[in-house]
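Me: Please take one part of this structure and go through it closely. Start with what is hidden, then work outwards, and give the cut-offs as you go.

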Amino acid sequence: MNNYIVHENQTLLDVSAHVYGRVDVVVALALLNNISITEVLTAGQIIKLVEAPVNSLVKKSIESRNIIPATSFLQMPTNSNFNDYLLPNIFPILL
């Protein structure tokens, strides 16, 4: 069994996407590591990995772009506007 070293701002979903190219493995990872799927992870934390099939198409896509999924932040960056992180709330309605 292998281990994974958590990168800054990663969630367990990010780890699952990075390692397996899919996020449905997150429940198995949480159970094996005795943590919640919403657990706040710290950079450098060791996550035990499970044996699970890999979505090679997604994994190759992530690797070819040198992406490390990291979707968590604990506080809003001080040099940005909160609205920059929201989807537009304008939905035109045609009558």
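Reply: Start with helix α1. Its buried residues are Leu-12, Asp-14, Val-15, Ser-16, Ala-17, His-18, Val-19 and Tyr-20. Buried means under 20% relative accessible area; exposed is over 50%, and partly exposed lies in between (1.4 Å probe, protein chains only). Helices (H or I, at least four residues) and strands (E, at least two) are DSSP runs, numbered from the N terminus. This is a predicted model, where local features need pLDDT of at least 70 and side-chain atom pairs count only at pLDDT 80 or more, while totals for chains, interfaces and linings use all residues. Residues are numbered from 1 along each chain as its sequence is written, and side-chain values use heavy atoms, with hydrogens and water left out.

So much for the ground rules. Eight of the nine residues in α1 are buried, so the helix is mostly covered. The cover on those buried residues includes β1 (3-5), α2, β2 and α3 (56-64). Right after α1 comes Gly-21, with a positive phi near 70°.

Take Ser-16 as a close-up. Ser-16 sits in α1, which spans residues 12-20. Its relative accessible area is 0%, so Ser-16 is buried. Leave out residues up to four places away in sequence, and Ser-16 touches Gly-21, Arg-22, Val-23, Asp-24, Val-25, Val-26 and Leu-29. Contact here means heavy atoms within 4.5 Å.

Two of those partners pair with each other. Arg-22 and Asp-24 form a salt bridge, with the closest N and O atoms 2.7 Å apart. The criterion is a side-chain nitrogen of Lys or Arg within 4 Å of a carboxyl oxygen of Asp or Glu. Arg-22 is partly exposed at 24% relative accessible area. Asp-24 counts as exposed, at 51%.

Now Tyr-20, also in the buried set of α1. Outside its neighbours within four places in sequence, Tyr-20 contacts Val-25, Leu-29, Leu-49, Val-50, Ala-52, Pro-53, Val-54 and Asn-55. The C-alpha atoms of Tyr-20 and Val-58 are 8.4 Å apart, across 38 residues of chain. Val-58 belongs to α3. At 32% relative accessibility, Val-58 is partly exposed.

Next, the core. A nonpolar core is a set of buried Ala, Val, Leu, Ile, Met, Phe, Trp, Tyr and Cys residues joined through side-chain atoms within 4.5 Å. The largest one has 15 residues; Leu-12, Val-15, Tyr-20, Leu-29, Leu-41 and Ile-47 touch the most other members. α1 and α2 each supply at least two residues of this core. α1 gives the most, with four.

That brings in α2, part of the cover on α1. Val-26, Leu-29, Ala-30 and Asn-33 are its buried residues. Viewed down the axis of α2, they fall within an arc of 100°, so they line one face of the helix. The arc is that of the directions from the helix axis to the C-beta atoms. As a rule, an α-helix has 3.6 residues a turn, so residues three or four places apart point the same way. The cover over the buried residues of α2 includes α1 and β2. Just after α2, Asn-34 takes a positive phi of about 55°.

β1 covers α1 as well. Ile-5 is in this strand. At 51% relative accessible area, Ile-5 is exposed. Its C-alpha atom is 6.4 Å from that of Ile-47, 42 residues apart along the chain. Leaving aside neighbours within four places, Ile-5 is in contact with Gln-10, Gly-44, Gln-45 and Ile-46.

α3, another part of the cover, holds its own salt bridge. Glu-63 and Lys-59 meet at 3.1 Å, N to O. They are four residues apart in α3, so about one helical turn separates them. Glu-63 is partly exposed at 46%, and Lys-59 is partly exposed at 22%.

Finally, the chain as a setting for α1. The pattern along the sequence is β-α-α-β-α, with three helices and two strands. Buried residues make up 26% of the 95 residues. Of the contacts with a separation of 6 or more, 62% join residues 24 or more positions apart.
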